[in-house]
Amino acid sequence: MSRRVATALLLAAIIVSVQAQTFNIDTSKPRQTIRHFGASDAWSMQNIGIWPDEQEQAKIADWLFSAENDANGQPKGIALSLWRFNLGAGSAEQGDSSYINRGTRTECFLQADGSYDFTKQAGQRKFLRMAKERGVPYLLAFLNSPPVFFTQNHLATNTGRDGTLNLRPECYEPFARFMATAIDGLQKHDGIKIDYLCPVNEPDGHWNWQGPKQEGSPATNREIARLVRKTSRALQQQSVNTQLLVNESSDLRCLLGIYKTDWQRGNTIRTLFSKDSTQTYLGDTPQVPHLILGHSYWTNTPVPYMKRIREQLRDTCRHYGISFWQSELCIMSNDEEIGGGGGYDFTMKTALYVARVIHHDLCHADAESWSWWRACGGDYKDGLIRVYDRTQQARDSRLLWALGNYSRFIRPGAVRYDIEGPEDPYGLMVSAYRNTDGRWVVVALNYGDKEAAMNLSVDDGRARQWLAYRTSDAEGETLRPSGIVAGSTTLSPRSITTFVEQNLTAAETPAPPC
């Protein structure tokens with residue numbers, strides 16, 4: 001090799017080295033514990049679960065729940081660790097008189113004569129079983145409406161009403177008993193234990209759930225507090241140890257203040273978890289953990305605001321001694337960067353956009369749990385998987401596998417750690433986690449259109465090897481194993497890469513932080 005060529009190669013190496021961005025995990029700064037990553041069965045599984053083609057059902061279940069690899073070491077699925085089950089209110093039995101679109105109606109276990117039929121919601125129950133069979137450790141039941149037998153307008157939608165709970169005053173206890181009985185019945189009938197229960201969904205903000213659309217009801221904070229206390233008592237009376245969660249807020253701004261509503265449906269964190277709120281404080285209610293659930297809709301643009309409101313949420317939760325779970329998100333009309341919610345997108349455009357939200361929710365809001373909205377959907381950006389009802393077939397998307405870059409490798413009990421390095425919402429975004437077995441996991445987003453060089457290290461000085469799994473628009477790159485790296489690597493354009501620590505011996509496995 002000539003001296004000129006050698007010099008040119010050396011200069012090129014120096015330039016690459018200079019351009020590489022360095023990310024160093026700070027082991028002295030553990031942050032939140034990650035509980036799970038999830039998605040919901042609404043409303044597709046009530047149909048998919050009764051398709052005659054069980055192989056197509058199994059394919060969908062494997063994509064969502066499997067933690068196995070194929071012969072090439074590529075994950076078969078994204079191994080969700082939480083599955084959200086929509087406990088129905090009975091609009092399906094009402095048919096067209098329900099004021100609810102056909103595709104979003106749900107059955108109810110409770111019957112008009114007061115008896116229960118646990119053969120109802122058959123498709124959803126089948127996916128509950130398939131989730132447990134494939135190792136999903138946590139299940140959550142959520143309700144959009146009380147059963148139609150208890151509502152003020154005898155519907156599961158809020159049509160013709162104002163911003164209060166669509167529940168007759170004398171039906172708080174019957175509604176609470178219904179939820180406890182339904183959860184107990186699922187365990188006795190199907191062997192399915194529900195770990196968490198959310199009795200209200202998006203009760204605040206500007207949502208008013210006027211039909212024809214879907215099941216839903218607003219509620220004031222005082223109504224929520226009353227319902228949660230009644231439900232806590234009903235769970236105890238039936239010896240059901242399910243945890244009772246609040247509040248599934250429709251917008252993070254509702255958790256922090258008053259947004260497009262009045263004082264009765266805003267300031268949710270302070271109202272439910274400040275001891276000064278004597279009429280609504282739930283911090284001493286049995287089976288109610290000190291945490292708040294909210295949805296990340298509408299707060300993802302502008303990009304600087306996305307970070308700012310999440311930091312405000314994080315600080316507010318710390319002030320009141322509670323944790324935060326991001327429990328639902330899909331693409332909405334204000335997500336203009338990727339063209340809004342209309343029309344399904346199989347590519348990295350939506351996948352990267354959502355991954356950026358996940359990064360911000362985990363790293364700036366300190367979310368302990370993160371869930372997408374629908375596991376399966378139609379021609380809209382609300383499903384991880386695109387389903388075609390007429391042909392009863394399904395197709396995966398890069399969005400599915402993008403979530404898998406987190407859910408497949410960051411397992412329940414993992415702890416997020418601070419990582420020293422730059423953060424660019426249009427370039428590199430990197431986060432670090434340590435699983436309960438001691439292995440480090442690092443997720444790196446390259447939002448940019450060009451390759452990006454990076455150096456990865458841990459501040460203990462020990463050299464490590466990392467197995468990389470990449471998701472991109474390239475053929476076959478859906479959590480595809482892309483080789484072992486020793487700390488320096490190049491990220492493909494418009495890609496998500498997860499690095500999993502290799503060769504960790506038992507002697508090197510540390511105890512998890514307290």
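In the predicted model, R416 stands opposite Y433 of strand β13, and this pair belongs to the antiparallel pairing in which three bridges join strand β12 (residues 415–420) to β13. On the other pairing of β13, seven bridges connect the strand to β14 (residues 440–446), again in antiparallel fashion, with L428 placed opposite N446 of β14. The strands β13 and β14 form a hairpin with five residues between them, and in the turn G438 has a positive phi of about 90°.

Strand β13 itself, which spans residues 428–434, is mostly covered, seven of its seven residues being buried. In a regular strand the side chains alternate between the two faces of the sheet. For β13, both faces are covered: L428, V430, A432 and R434 are buried on one side, while M429, S431 and Y433 are buried on the other.

The pairing continues from β14 to strand β19 (residues 495–501), to which β14 is joined by six bridges in an antiparallel arrangement, and the bridge partner of L445 in β19 is I496. These strands are part of an open sheet of nine strands with mixed pairing, in the order β17-β16-β19-β14-β13-β12-β1-β15-β18. Because β17 and β18 (488–491) stand at the edges and each has a single partner strand, one side of each is left without a neighbour in the sheet. Neighbouring strands of this sheet are turned against each other by 30° on average, with direction ignored. Helix α12 (residues 398–407) lies across four of the strands, namely β13, β14, β16 and β19, and runs at about 155° to β16.

The loop between β16 (466–471) and β17 (480–485) holds S472, a residue that is buried, with a relative accessible area of 5%. The side chain of S472 reaches the backbone nitrogen of A474 at 3.1 Å and also makes a polar contact with the side chain of E477, at 2.4 Å. When neighbours within four places in sequence are left aside, the residues in contact with S472 are M348, R398, E477, R494 and S495.

With regard to the nonpolar interior, in soluble globular proteins nonpolar side chains tend to be buried together. In this model the largest nonpolar core has 131 residues, and L64 and W83 are those with the most contacts inside it. Helix α11 (residues 348–363) supplies the largest share of this core, with 10 residues. A second core, separate from the largest one, has 20 residues, among them I25, V430, L456 and V485; V430 is also one of the buried residues of β13.

Helix α3 (residues 54–65) contains 12 residues and reaches 16 Å from its first C-alpha to its last, close to the 16 Å expected at 1.5 Å a residue. The buried residues of α3 are E56, Q57, I60, A61, W63, L64 and F65, and L64 is thus listed here as well as among the residues with the most contacts inside the largest core. At the start of α3, a side-chain oxygen of D53 reaches to within 3.0 Å of the backbone nitrogen of Q55.

Methods:
Residues are numbered from 1 along each chain as its sequence is written. This is a predicted model: local features need pLDDT of at least 70, side-chain atom pairs count only at pLDDT 80 or more; totals for chains, interfaces and linings use all residues. Side-chain values use heavy atoms; hydrogens and water are left out. Buried means under 20% relative accessible area, exposed over 50%, partly exposed in between (1.4 Å probe, protein chains only). Helices (H or I, at least four residues) and strands (E, at least two) are DSSP runs, numbered from the N terminus. Two strands pair if DSSP finds at least two bridges between them. A nonpolar core is a set of buried Ala, Val, Leu, Ile, Met, Phe, Trp, Tyr and Cys residues joined through side-chain atoms within 4.5 Å. The expected span of a helix is 1.5 Å times one less than its number of residues. A polar contact is a pair of N or O atoms within 3.5 Å; within protein, one must be able to donate a hydrogen and the other to accept it, and residues adjacent in sequence count only if both atoms are side-chain atoms. Contact means heavy atoms within 4.5 Å. Axes are lines fitted to C-alpha atoms, for helices over the stretch in contact, and angles run from 0 to 180 degrees between N-to-C directions.
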